[in-house]
Amino acid sequence: MATNRQWHLAERPTGEPDHDTFELVEADVPEPEYGEVLVRTIYQSVDPYMRGRMRDAESYAEPWEPGEPMKAGVVGEVVESRDDRFAEGDVVTGDLLWAEYAAADGDELRKVDPSLAPISTAVGVLGMPGVTAFYGFTEKGEPQPGDTVVVSAAAGAVGSVVGQLARAQGCEVVGIAGAEEKCDWLTDELGFDAAVNYNHENVRESIHEAVGGTDIYFDNVGGPVTDAVWPTLNDFARVVACGQISLYNATELPTGPRKLTDAVQKRLKIAGFIVSDYDRWAHALGRLGGLIASDDLRYREHVIEGFENAPDAFLGLFEGVNIGKTLVQVGDEP
């Protein structure tokens with residue numbers, strides 16, 4: 001029987017993960033049971049939230065156990081089906097193992113239509129990151145035309161979509177990123193009104209110079225960047241807490257400036273959310289797909305070739321090397 005390479009969690013990391021966090025294991029290709037399909041992985045996603053699943057702590061996502069395979073958003077090809085809804089050759093997506101092959105219950109998969117967009121987008125702009133951006137911004141941000149929107153990690157898979165959604169709704173948009181190349185992409189290609197390089201600029205002063213104050217802050221990073229944005233918030237501003245990647249590897253959470261006084265004085269609305277709160281993915285994907293078709297939503301993918309390089313792709317998220325969505329290409333497209 002052909003072998004099936006899998007990445008397991010070797011040990012729980014303390015602080016920043018490294019290559020010792022992962023173990024490459026060979027197993028048999030699984031046989032699908034009744035109601036399951038066997039999927040050959042083509043693209044595997046890596047995402048910041050995965051860092052939380054490496055901890056032995058209560059969270060919205062069940063932690064991974066050392067010695068067990070990890071899971072990721074996957075786009076793959078059905079190679080064997082025991083579910084009448086799927087046929088050999090179908091392209092599907094779902095939350096599957098970090099593996100070259102995985103068996104999955106048909107209820108956990110959805111078909112991908114290759115005619116709509118490249119199939120890789122099913123774990124990017126037309127997948128979890130895109131849906132996160134859509135509902136986080138439209139429902140938690142409560143945007144109105146003329147609002148000023150500030151987005152941190154704006155060149156990432158979620159932030160880049162948020163900024164473009166904001167522009168489409170008549171908002172003024174400032175993106176925060178950590179490299180000039182990223183800032184140029186935001187303004188020159190995605191239509192952001194301004195971009196701030198937090199490594200070279202004073203974030204607070206730059207936002208003030210660009211737009212004056214902030215009505216919606218879509219926060220993907222937390223930490224010092226958010227501390228700098230906070231004084232720019234206008235009265236009745238909305239803060240959408242999507243991610244805190246700057247703190248994911250912290251062994252102790254730092255004590256930052258006290259912010260609740262501002263929340264009272266400015267009558268702020270602060271909302272955290274998780275994309276799994278929303279089950280209306282078809283609606284969001286339809287809206288996002290329409291924007292792509294009309295060239296009102298652009299995206300970029302950072303593709304790492306080779307299943308053996310999946311840990312490097314994940315670790316790169318914390319080094320800021322990616323623009324747009326980071327993917328691992330595991331196999332060839334059909």
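In these legends a residue is buried under 20% relative accessible area, exposed over 50% and partly exposed in between (1.4 Å probe, protein chains only). The model is predicted, and local features need pLDDT of at least 70, while side-chain atom pairs count only at pLDDT 80 or more and totals for chains, interfaces and linings use all residues. Residues are numbered from 1 along each chain as its sequence is written, and side-chain values use heavy atoms, with hydrogens and water left out.

**View 1. The whole protein chain, with 8 helices and 15 strands.** Helices (H or I, at least four residues) and strands (E, at least two) are DSSP runs, numbered from the N terminus. The radius of gyration is 20 Å, close to the 20 Å that the globule rule gives for 334 residues, so the protein chain is as compact as a globular protein of that length. The radius is taken over C-alpha atoms, and the rule is 2.2 Å times the number of residues to the power 0.38. Along the principal axes, the C-alpha atoms fill a box of roughly 65 × 45 × 35 Å. Of the 334 residues, 51% are buried. The accessible surface comes to about 15200 Å², and carbon and sulfur atoms hold 46% of this area (Shrake-Rupley method, 1.4 Å probe). Contact means heavy atoms within 4.5 Å. Among contacts between residues at least 6 apart in sequence, 69% join residues at least 24 apart.

**View 2. An open sheet of 6 strands with parallel pairing.** The strand order in this sheet is 10-9-8-11-12-13. At its edges stand strand 10 (194–197) and strand 13 (269–272), each of which pairs on one side only. Two strands pair if DSSP finds at least two bridges between them. Direction ignored, neighbouring strands of this sheet are turned by 15° against each other on average.

**View 3. Strand 10 at one edge of the sheet.** Strand 9 and strand 10 pair in the parallel sense over 4 bridges. Within this pair, Val174 stands opposite Ala194 of strand 10. In a regular strand the side chains alternate between the two faces of the sheet. In strand 10, Ala194 and Val196 point one way, whereas Ala195 and Asn197 point the other way. All four of these residues are buried.

**View 4. Strand 12 beside strand 13.** Strand 12 (residues 233–241) pairs with strand 13 in the parallel sense, over 4 bridges. Val240 stands opposite Ala271, which belongs to strand 13. Strand 12 also holds Phe236. Although Phe236 is not a glycine, its phi is positive, at about 65°. Most residues other than glycine have a negative phi.

**View 5. Helix 2 and helix 4 lie across strands of the sheet.** Helix 2 (residues 159–168) lies across strand 8 (148–151), strand 9 (172–177) and strand 11 (214–219). The direction of helix 2 is at about 170° to strand 8. Helix 4 (residues 203–211) lies across strand 8, strand 9, strand 10 and strand 11, and runs at about 160° to strand 9. Axes are lines fitted to C-alpha atoms, for helices over the stretch in contact, and angles run from 0 to 180 degrees between N-to-C directions.

**View 6. Cys171 and Cys242, neither of them in a disulfide.** The structure holds 0 disulfides, a disulfide being a pair of cysteine sulfur atoms within 2.5 Å. For Cys171 the nearest cysteine sulfur is that of Cys242, 17 Å away. Cys171 is buried, at 2% relative accessibility. Cys242 is partly exposed, with a relative accessible area of 23%.

**View 7. The loop between strand 1 and strand 2, with Asp20 and Thr21.** This loop links strand 1 (3–9) and strand 2 (22–28). Asp20 is exposed, at 52% relative accessible area, whereas Thr21 is buried, at 0%. Leaving aside neighbours within four places in sequence, Asp20 is in contact with Ala10 and Glu11. Asp20 and Ala10 are 10 residues apart in sequence, and their C-alpha atoms are 6.9 Å apart in space. With the same neighbours left aside, Thr21 is in contact with His8, Leu9, Ala10, Glu11, Pro13 and Met54.

**View 8. Asp295 in the loop between helix 7 and strand 14.** The loop joins helix 7 (281–293) and strand 14 (301–305). Asp295 has a positive phi of about 65° although it is not a glycine. With a relative accessible area of 45%, Asp295 is partly exposed.
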